[in-house]
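Reader: Please take me through one part of this model closely, the packing of its helices, and then follow the neighbouring elements outward from there. I would like one connected account.

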Amino acid sequence: MRAWVVSRCAPIDERPLARVERPEPRPTASQVRVRISCCGVCRTDLHLAEGDLPPRRKEVTVGHEIVGRVDAVGDRASRFEIGDRVGVPWLGGTDGTCTFCRRGAENLCLAPRFTGWDVDGGYADACLVDEGYAYRLPESVDDEHAAPLLCAGIIGYRALRRANVPAGGRLGIYGFGGSAHITAQIALHQGLRVHVLTRGAGNRKLAAELGADSVGEATDVPPEPLDGAILFAPAGELVPVALRALDRGGTLAIAGIWLSDIPAINYAAELFEERQVRSVTANTRRDGEEFLALAARFGIRPTTVAYPMASAPEALADLAHGRFSGAAVLHN
Ligand SMILES: [Zn+2]
Ligand SMILES: [Zn+2]
């Protein structure tokens, strides 16, 4: 089969990915093999290709928003049948035994396995997944529009909950890419007031089309104080900006897996009066199930840009340079 691999971490314009021929992977006992239809392009793939996130496996195939059909099952795998449509997300495995798993926080597992980092992911013809970590996907969403739900959607949903906005409250969204534009739809359906602060005229246009209550530049002051905010842009310099926009008792959730350094914080203006900063680390399978059910119920539809699988490097370069709004999806 064909697979894109990270041959050497480098800036995306120096083409860190190479397309290689590999034997078809064979499922072990609890795994299923997925014949890949689509794979979403996530900013994490860019961090892995460029080396912001250190490689955990030589020549890994990135990609963790995978939609396809089961075409082989392991000896002890019983959850899916051949032909079933499944989604393969970022969280590819946990030990189930560590102190965090035992208290229901498997997103903090001490020995997690991530798709496209620890195990080969979806920029390929096929991949393996432990059956316990795959999702069934809502029938109402086609493959291309289901793919971005699997990381951008699920992580954004967790970030939204971590931002702790009360019913009817005011949410700020900093940065408006693949994850943010899905999360904004959920928040609007839940009845929150949503203020989007982002660079890029295309991103601001998309935010306005989706019904945001206000749209501004990343460093603008929103029209009202915020109960909660989510920082999606990987830009640490926006942390004090977002904190200043919070009302007393407000919460800033940082959604990304990687962030540039945060400058010094002014305690009186940016943290006192019980403002909080929280990170968001991966997700639990329960987050994923809850989010996919909500996405189906609310009719959430990501804005997607399709690329052929052969153009994976171009899709990543376009993401790096902000050349599209919404989420890129690779098609086999
Ligand atoms: Zn664990
Ligand atoms: Zn991702």
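**Helix packing and its surroundings**

Author: In this predicted model, helix 5 (residues 178-189) packs with helix 9 (residues 285-298) at an angle of about 70°, and their axes are 11 Å apart. Angles of 65 to 115 degrees count as roughly perpendicular, so helix 5 is roughly perpendicular to helix 9. The crossing of helix 5 past helix 9 is left-handed. From helix 5, I182, I186 and H189 make the contact, and from helix 9, F291, L294 and F298. By type, the residues of this contact are five nonpolar, one polar and no charged.

Both of these helices also belong to the surroundings of helix 4. The cover over the buried residues of helix 4 includes helix 5 and helix 9, together with strand 9 (135-136), strand 10 (170-174), strand 13 (226-231) and strand 14 (246-254). Nine of the 11 residues of helix 4 are buried, so the rest of the structure largely encloses it. The buried residues are A152, G153, I154, I155, G156, Y157, R158, A159 and L160.

On one side of helix 4 in sequence is the zinc site. C151 lies in the loop between helix 3 (143-146) and helix 4 (152-162), and its SG atom is one of the donors to the zinc ion (ligand 2). The other donors are C42 through SG and H64 through NE2, and the coordination distances are 2.0 to 2.2 Å. Along the chain, the donor residues follow the spacing C-x21-H-x86-C. C42 is in the loop between strand 3 (31-40) and helix 1 (43-50), so the pair C42 and C151 ties together parts that are 109 residues apart in sequence. C151 has a relative accessibility of 8% and counts as buried. C42, with a relative accessible area of 12%, is buried too.

On the other side, just after helix 4, comes N164, with a positive phi of about 60°. Most residues other than glycine have a negative phi. N164 is in the loop between helix 4 and strand 10, and at 48% relative accessibility it counts as partly exposed. Leaving aside residues up to four places away in sequence, N164 touches T251 and R278. The C-alpha atom of N164 is separated by 37 Å from that of V32, which is 132 residues away along the chain.

Strand 10, strand 13 and strand 14 appear again around helix 7 (residues 238-245), whose buried residues pack against these strands and also against helix 8 (267-271) and strand 15 (276-279). Helix 7 is mostly covered, with seven of its eight residues buried. The buried ones are L238, V239, P240, V241, A242, L243 and A245.

Helix 8 and strand 15 lead to another backbone detail. The loop between helix 8 and strand 15 holds E274, which has a positive phi of about 60° although it is not a glycine. E274 counts as exposed, at 66% relative accessibility. E59 has a positive phi as well, of about 50°, and is not a glycine. E59 sits in the loop between helix 1 and strand 4 (66-73), and its relative accessibility of 32% makes it partly exposed.

Technical notes
Residues numbered from 1 in each chain as written. Chains lettered and ligands numbered in written order. Predicted model: local features only at pLDDT ≥ 70, side-chain atom pairs only at ≥ 80, totals over all residues. Heavy atoms only, no water. Axes fitted to C-alpha atoms, helices over the stretch in contact; angles between N-to-C directions. Helix = DSSP H or I, 4+ residues; strand = E, 2+ residues; numbered from the N terminus. Parallel < 35°, antiparallel > 145°, perpendicular 65-115°, else oblique. Left-handed = near helix turned anticlockwise from the far one by under 90°. Contact = heavy atoms within 4.5 Å. Nonpolar A, V, L, I, M, F, W, Y, C, P; charged D, E, K, R; others polar. Donors = N, O, S within 2.8 Å, 3.2 Å for Na, K, Ca; no water. Buried < 20%, exposed > 50% of the residue type's maximum accessible area, 1.4 Å probe, protein only.
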